[in-house]
Amino acid sequence: MNTVALEITSAGWITTFQDLGRRDTERRGVPTGGAADQHSATVANLLVGNPREATLIENLGGELALVPDADVLLAVTGAPALVTVAGCPADSWSPLVVPAGHEVRVRSDLARGARTYLAVHGKLNTPTLLGSAAPDPRMGFGQTVARGSRVLLDTEFRGFGRRPFQPALFRLPVPVPRFDDGPWVVDVVPGHGIHTIPGIREVIEEATYTVTPRSDHVGLRLEGPVRHPDSDTEIVSHGVPIGALQIPHADELIVLGRYRSLTAGYPIVGVAARVSLPLLGQAAPGRRLRFRWTDRESALRRFAHREAEVRALGHATAEAFGALGFRVPLPDTN
Amino acid sequence: MTTAPYGAVTVEPFGDSAVMVTIPHTDQAVRRAGIVAFRDRFLANRPHGVLDVVSGLESLLIEFDPLQTALPHVEYAARLVARWAPSPSDGPAGSAGSRAVRAFAIPVVFDDEDGPDLASVAEETGLTSAEVVEAIAGSTFTIALLGAAMAPMMDGLKLPRPVRRRAEPRTDVAPGAIMIAGTNAIIQPFPGPTGWRVVGRTPHTIVDISRPDPVSFGTGDTVRFVPVSRAEAAALDAGFLLPTEESV
């Protein structure tokens, strides 16, 4: 096992350590948190032969850049971004060998999507809170990756014995999501609140909503038409899932994110399908969204299909890396 | 804990990977006590594929992995638990699922500086500030759930009438603030906004994220607030909050 230092030569607007979030903590008031786009985070880890829940770096806006002091195997996923290694364009959604002393740069384009993910084969050394490296700003656990800092990595990667500009080493079945220009379509399963607000189903179905700058990982605040219940009966505060479409007293629609307040007392007209949550995690201010009502079975069929693709990728990378002579995924050292 | 008188629960789908459980009963007190009892039983008999739960005042959100289990299984398991499962606290001491109840005596400075809402709470309840403090100190609270950032949310405030929330929420309340609303009390673990009425402050650290287990309390534990002067609080050298006694 080698310890490699990654020197952070540039950080984006918000650059943090991240993973898939906390388990079993919502019963104790701590939201699961974790990568806003769980699909991209999972795929980034699989592409470098890590367990899917390994710690990686999430970046929003600006440019993330780092220089390793030994050869590393890394992958960049998430929103479309300009990736370069030593100044030469490189592929995202693919394993990349970054030679010692060379800089990898990831330049975001918020107009295409909010977040990029950078995973490196091995285990990043970072503190955890309740079993996870994911930040929780509410509890004072920032996990910021700052420019000028050195991030340490324990890795077994010792290079493939190839020069960086030879043809790509891998052709893997990578499930790359589409990041269209037009409005993104989000599948929603109707919820109880739809019956308490006359006409809301049609309003949401026909409208296009715009993500406002007041959005963050707590929730996306959307501008667009809404309606309110006729009666102002108080709703007893209850637990709310990730993806809940909530209509507060003001004229806006909120889609709750992974760092939501766990309980709320506003009408919930629906819950975004699990398969649509990664897309919501990529919706930056200005992004236009449309909602499509769906039933639970169709939503889960799409989710199962996505999961099958991710598993296929996991098998393919395990075989490819196995053939090159190193074990994947790393034995769990937690 | 006594067993709440209920036998049936309502289980409704909530999106594609959660259900909401409520207790259909006309009496609010039964619904609230019932859901706490249900939560304890459900967690002690957690079915495969259930990821986590979120407590509401009268409901329980159950989150599951839809590729490991399915909605009808979770619903069936919830109904079975409601009808048949013994409460974890009914069993003999040390049996599976039983947990020691901890008692906390928490020193609190109650004055106008640390408790800026004390005077208005007194006015609202028709008491003097000193009588409000006396009533809070005379109440024995039970931790009903852990709120945002693991804040202990407690029942059992004994004032002549429930306390209203602030019309205009405060934006930056100090950690350790003792806050009340309705018949509940809560302690603010980190600086932040709140609509609760701030009546005092403890010098203890409630949540310490550098510890493997950041809190020493859990649901079902009991809390009393012990009034201390500002000088006494400073002399305490209070660190991480620990229980004063533990009983099984």
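Reader: In which sense do strand S6 and strand S9 of chain A pair?
Author: The model is predicted. S6 of chain A covers residues 82-85, and S9 of chain A covers residues 104-107. A:Val83 stands opposite A:Val106 in S9(A). Over four bridges, the sense of pairing is antiparallel.

Reader: Which residue in the turn between S6(A) and S7(A) has a positive phi?
Author: S6(A) pairs with strand S7 (residues 88-89) of chain A over two bridges, in the antiparallel sense. A:Thr84 stands opposite A:Pro89 there. The two strands form a hairpin with two residues between them. The turn residue with a positive phi, about 50°, is A:Ala86.

Reader: Why do the buried residues of H3(B) line one face of the helix?
Author: Helix H3 of chain B spans residues 118-125. Its buried residues are B:Leu118, B:Val121, B:Ala122, B:Glu124 and B:Thr125. Seen down the helix axis, they line one face because they fall within an arc of 165°.

Reader: Which strands are included in what covers the buried residues of H3(B)?
Author: The cover includes a helix of chain B, H4 (129-138). Strands of chain B contribute too, including S9 (177-181) and S12 (197-201).

Reader: What phi does B:Gly126 take?
Author: B:Gly126 comes just after H3(B). Its phi is positive, at about 75°.

Reader: What distance separates the centres of domain 1 and domain 2 of chain B?
Author: Chain B is divided into domain 1 (2-96) and domain 2 (100-247). The centres are taken over C-alpha atoms. They are separated by 28 Å.

Definitions and conventions
Residues are numbered from 1 along each chain as its sequence is written. Chains are lettered from A and ligands numbered from 1 in the order in which they are written. This is a predicted model: local features need pLDDT of at least 70, side-chain atom pairs count only at pLDDT 80 or more; totals for chains, interfaces and linings use all residues. Side-chain values use heavy atoms; hydrogens and water are left out. Buried means under 20% relative accessible area, exposed over 50%, partly exposed in between (1.4 Å probe, protein chains only). The arc is that of the directions from the helix axis to the C-beta atoms. Contact means heavy atoms within 4.5 Å. Two strands pair if DSSP finds at least two bridges between them. Domain bounds come from an automatic or database domain assignment.
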